[in-house]
Amino acid sequence: YVRARMGKHEEGGRRARTALDLLDKTHNPDSIEEILYFHVCIARLAGQMEDMYALLERAHREVQTKAQRFTDDSLRQRYLCTPPVRDIERAHRGSDAKVQPQNPR
């Protein structure tokens, strides 16, 4: 994400794609929604809107799948309110036109 913010969109996108490819080879990877969201942000910065929307949809599906695993409603809501999960959901609903992480790691 930092590379993309520095204007190195191609390199940022390449690194994000490599991370996603590695995750796709892993069975049920933890925090895939976070990596997807950073890739969403990179695609947005690079003006790759079609990719951005596809990645955002995938991130949203991952969030919903993980949220359904919580049997306790309060824990589910807590998860849905944490960044970047809340950012994914806001962006997916269209209430956040500016897709950008609030606290990149």
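**Exercise 1. Describe how helix 2 passes helix 3, and decide how the two are oriented.**

*Solution.* Helix 2 passes helix 3 in a left-handed crossing. This is a predicted model, and every value below is computed from it.

Step 1. Take the geometry. The axes of helix 2 and helix 3 come within 9 Å and cross at roughly 155°.

Step 2. Classify the angle. Angles over 145 degrees count as roughly antiparallel. Helix 2 is therefore roughly antiparallel to helix 3.

Step 3. List the contact. Helix 2 brings His9, Gly12, Gly13, Ala16, Arg17, Ala19, Leu20 and Leu23. Helix 3 answers with Ile32, Ile35, Leu36, His39, Ile42 and Leu45.

Step 4. Sort by class. The contact of helix 2 with helix 3 has 9 nonpolar, 4 polar and 1 charged residues.

**Exercise 2. Work out the orientation of helix 3 and helix 4, then give the make-up of their contact.**

*Solution.* Step 1. Helix 3 and helix 4 pack at an angle of about 160°. Their axes are 8 Å apart.

Step 2. The cut-off for roughly antiparallel is over 145 degrees. Helix 3 and helix 4 are therefore roughly antiparallel to each other. Their crossing is left-handed.

Step 3. On the helix 3 side, the contact residues are Ile32, Glu33, Leu36, His39, Val40, Ala43 and Arg44. They meet Met49, Asp51, Met52, Leu55, Leu56, Arg58, Ala59, Glu62, Val63 and Lys66 in helix 4.

Step 4. The classes come to 10 nonpolar, 1 polar and 6 charged for the contact of helix 3 with helix 4.

**Exercise 3. Repeat the analysis for helix 4 and helix 6.**

*Solution.* Step 1. The axes of helix 4 and helix 6 come within 9 Å. They cross at roughly 125°.

Step 2. Angles of 65 to 115 degrees count as roughly perpendicular, and those over 145 as roughly antiparallel. Helix 4 and helix 6 fit neither class, so they are oblique to each other. Helix 4 passes helix 6 in a left-handed crossing.

Step 3. Helix 4 uses Leu56, Glu57, Ala59, His60, Val63 and Gln64. Helix 6 uses Val85, Ile88, Glu89, Ala91 and His92.

Step 4. By class, the contact of helix 4 with helix 6 holds 6 nonpolar, 3 polar and 2 charged residues.

**Exercise 4. Place these helices in the whole chain, and find the largest nonpolar core.**

*Solution.* Step 1. Count the elements. The chain has 6 helices and 0 strands. From the N terminus on, the order is α-α-α-α-α-α.

Step 2. Check burial. Of the 105 residues, 38% count as buried.

Step 3. Find the core. The largest nonpolar core has 19 residues. Leu36, Val40, Leu55, Val63, Tyr79, Leu80 and Ile88 touch the most other members.

Step 4. Trace its sources. Helix 2 (9-24), helix 3 (32-45), helix 4 (49-69), helix 5 (73-80) and helix 6 (85-93) each supply at least two residues of this core. In soluble globular proteins, nonpolar side chains tend to be buried together.

Step 5. Zoom in on one member. Beyond its neighbours within four places in sequence, Leu55 is in contact with Arg17, Leu20, Leu36, His39, Val40 and Ala43.

**Exercise 5. Are His9, Phe38 and Asp87 buried or partly exposed? Give a distant sequence partner for each.**

*Solution.* Step 1. Set the cut-off. Buried means under 20% relative accessible area.

Step 2. His9 is in helix 2. At 29% relative accessibility, His9 counts as partly exposed. His9 and Gln48 are 39 residues apart in sequence, with 10.0 Å between their C-alpha atoms.

Step 3. Phe38 is in helix 3. Its relative accessible area is 19%, so Phe38 is buried. Phe38 and Gly12 lie 26 residues apart along the chain, and their C-alpha atoms are separated by 9.8 Å.

Step 4. Asp87 is in helix 6. With a relative accessible area of 2%, Asp87 is buried. From Asp87 to Tyr37 is 50 residues in sequence and 8.5 Å in space, C-alpha to C-alpha.

Step 5. Look at the chain as a whole. Of the contacts with a separation of 6 or more, 61% join residues 24 or more positions apart.

**Exercise 6. Which peptide bond is cis, and where does Pro84 lie?**

*Solution.* Step 1. Recall the usual case. Most peptide bonds are trans.

Step 2. Read omega. The bond from Pro83 to Pro84 has omega near 0° and is cis.

Step 3. Locate the residue. Pro84 lies in the loop between helix 5 and helix 6.

Key
Residues numbered from 1 in each chain as written. Predicted model: local features only at pLDDT ≥ 70, side-chain atom pairs only at ≥ 80, totals over all residues. Heavy atoms only, no water. Core = buried A, V, L, I, M, F, W, Y, C linked by side-chain atoms within 4.5 Å. Buried < 20%, exposed > 50% of the residue type's maximum accessible area, 1.4 Å probe, protein only. Helix = DSSP H or I, 4+ residues; strand = E, 2+ residues; numbered from the N terminus. Contact = heavy atoms within 4.5 Å. Axes fitted to C-alpha atoms, helices over the stretch in contact; angles between N-to-C directions. Parallel < 35°, antiparallel > 145°, perpendicular 65-115°, else oblique. Left-handed = near helix turned anticlockwise from the far one by under 90°. Nonpolar A, V, L, I, M, F, W, Y, C, P; charged D, E, K, R; others polar.
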